[in-house]
2 protein chains.
Amino acid sequence: MTSSASTSSSSSIHPLDEALQLTASSAATGQYEGQTHPGYWNMVGPFGGITAATLLQAILQHPDRLGDPLSLTVNYAGALTSGAFTVQATPVRTNRSTQHWTLSILQAGADGAQVVTTTATAVTAVRRETWSVGDVPMPEVPAPSAQPAIPPGFGVEWLNRYEMRPITGAIPRQWDGSGDHSLTQLWMRDTPARPLDFVALTALADVFFPRVWLRRARQVPAGTVSITVYFHATAEQLQATGTGFLLGQARGQEFRNGFFDQTVQLWNEAGTMLATSHQIVYYKE
Amino acid sequence: MTSSASTSSSSSIHPLDEALQLTASSAATGQYEGQTHPGYWNMVGPFGGITAATLLQAILQHPDRLGDPLSLTVNYAGALTSGAFTVQATPVRTNRSTQHWTLSILQAGADGAQVVTTTATAVTAVRRETWSVGDVPMPEVPAPSAQPAIPPGFGVEWLNRYEMRPITGAIPRQWDGSGDHSLTQLWMRDTPARPLDFVALTALADVFFPRVWLRRARQVPAGTVSITVYFHATAEQLQATGTGFLLGQARGQEFRNGFFDQTVQLWNEAGTMLATSHQIVYYKE
């Protein structure tokens, strides 16, 4: 699980781009071959954000794609094992300005047969300028430079691919059951710095540690079951964000009988809402 | 488009149950035949909530189902036309306590070929009692009996299937461009009254008129592209809710270049969070 090659600053390719490399298969249109990347490894599989970004990457590489990402839902059916995987991305319906996708990730199981590890749907859209307004202003928080970058506090490799500067709701220092809220606000970006695009934004929507850890100040087993990302930004707005920080805000709404939900908002430093996201997360006990 | 038969109070079957009748096809496991229902007709197709409920109904009827609904994402690829449709529900992966589903609705197109109108994914789960907490308390609002039932103000048939008692953010009476927020709170339930279950809850998550109408006090064309529902309640909690009202709360977060998102919370009168939901919605101009 060494990641020295992937994180070397002398490498000419960013670890995120390494992780998202997909090769079009000659077997079928929309079929891509990829490899899990040690630099984005979580506890028992890849970081969920990198898996979501990989599915979006397949759409972005697809020769028949119409427009830019509008929504993406990824369901984590089973952990990917280290190694090769296949992505299948199919545009099942193309309208005048929207296109609907179904996707899956497959991996060879113990007996050699292909197993579905991940399912997804997505919508891409050609967007036009209209009346627009943000109805959730970015919270007033200290600038990124005013907040120290804090090590995330639990040793999984993918966290080293992100610079995180928590404002409130950092990971508890003591697991003493004293938690009383589930709100995290933090500045964040890829490290090394990398210009923002749709795939990077997708992964950033999933960087928050489990809300149940914060709410309970107790570190119970937890894992995302399903995540949805709604993209509000244009490619130009992402480009203008460049390597700047995003303000990420995450909150749980309901924790009940083994599952909680999380709502997420992502703004750039200029206060533009780039994406909103939601997920439902398994937890134990 | 008459719906007299379906809404007669002497009918022994509730219009919702009529609309959700699916017949298992002999052609393939998980394939079901249904019919659009005039009582739930919207402007150019069925009410989106009834389509989402239909997909969940297929899962609930499937002989291989494990557990109760946990999450459902429905993508409206194209409007259904009036008449017969086919639902395909496939459990693509079954784990110890979760099951992952992919679904689609197909209809014969103009040339007779089957066309995908709707795609979906879902997760069902066997849930066990754990530590639980609600982190978004129900807002303090007047009781349902204190709020008059207000006609929704735009003439589509499906609205007659719901009793709605708005508290704040009712549909604007004047389309004068004066809007300044996107928050709606209302008490709501099926009419005639019908005991709550997962399919009714699913449809109720989609009853809110487009946020852009409220935010702008302007009635522009709008339609849901994708909706996600997270189920927090057990079947027993739904049963205990019975025919009581739900408090529904909906808000837009970002309106940008032809699409806005909507976040939704649904509580029962006892203040239990039954579901949270999100959608991304197309709008014109």
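**Exercise 1. What radius of gyration would a compact globule with 285 residues have, and which value does chain A have?**

Let's work it out together; keep in mind that this is a predicted model.

Step 1. Start from the rule: 2.2 Å times the number of residues to the power 0.38.
Step 2. For 285 residues, this puts a compact globule near 19 Å.
Step 3. Chain A has 18 Å, which agrees with the expectation.
Step 4. For the extent in three directions, take the principal axes: the C-alpha trace of chain A spans about 55 × 50 × 45 Å.

**Exercise 2. Describe how chain A is built and how its residues are covered.**

Step 1. Begin with the elements: chain A holds six helices and 13 strands.
Step 2. Next, look at contacts between residues with a separation of 6 or more; in chain A, 70% of them join residues 24 or more positions apart.
Step 3. Call a residue buried if its relative accessible area is under 20%. By that cut-off, 58% of the 285 residues in chain A are buried.
Step 4. Finish with the surface: about 10800 Å² of chain A is accessible, and carbon and sulfur atoms account for 49% of this.

**Exercise 3. Describe the interface between chain B and chain A.**

Step 1. Count the partners: 63 residues of chain B touch 62 residues of chain A, with contact meaning heavy atoms within 4.5 Å.
Step 2. Now give the area: about 5400 Å² is buried between the two chains, and 56% of it comes from carbon and sulfur atoms.
Step 3. Pick out the main contributors on chain B: Trp131(B), Arg256(B) and Asn257(B) supply 14% of the area that chain B buries against chain A, more than any other three residues.

How values were computed. Residues are numbered from 1 along each chain as its sequence is written. Chains are lettered from A and ligands numbered from 1 in the order in which they are written. This is a predicted model: local features need pLDDT of at least 70, side-chain atom pairs count only at pLDDT 80 or more; totals for chains, interfaces and linings use all residues. Side-chain values use heavy atoms; hydrogens and water are left out. Helices (H or I, at least four residues) and strands (E, at least two) are DSSP runs, numbered from the N terminus. Buried means under 20% relative accessible area, exposed over 50%, partly exposed in between (1.4 Å probe, protein chains only). Accessible areas come from the Shrake-Rupley method with a 1.4 Å probe; for residues, only the protein chains shown count as cover. Buried area is the accessible area (1.4 Å probe) that two parts lose on being put together, summed over both.
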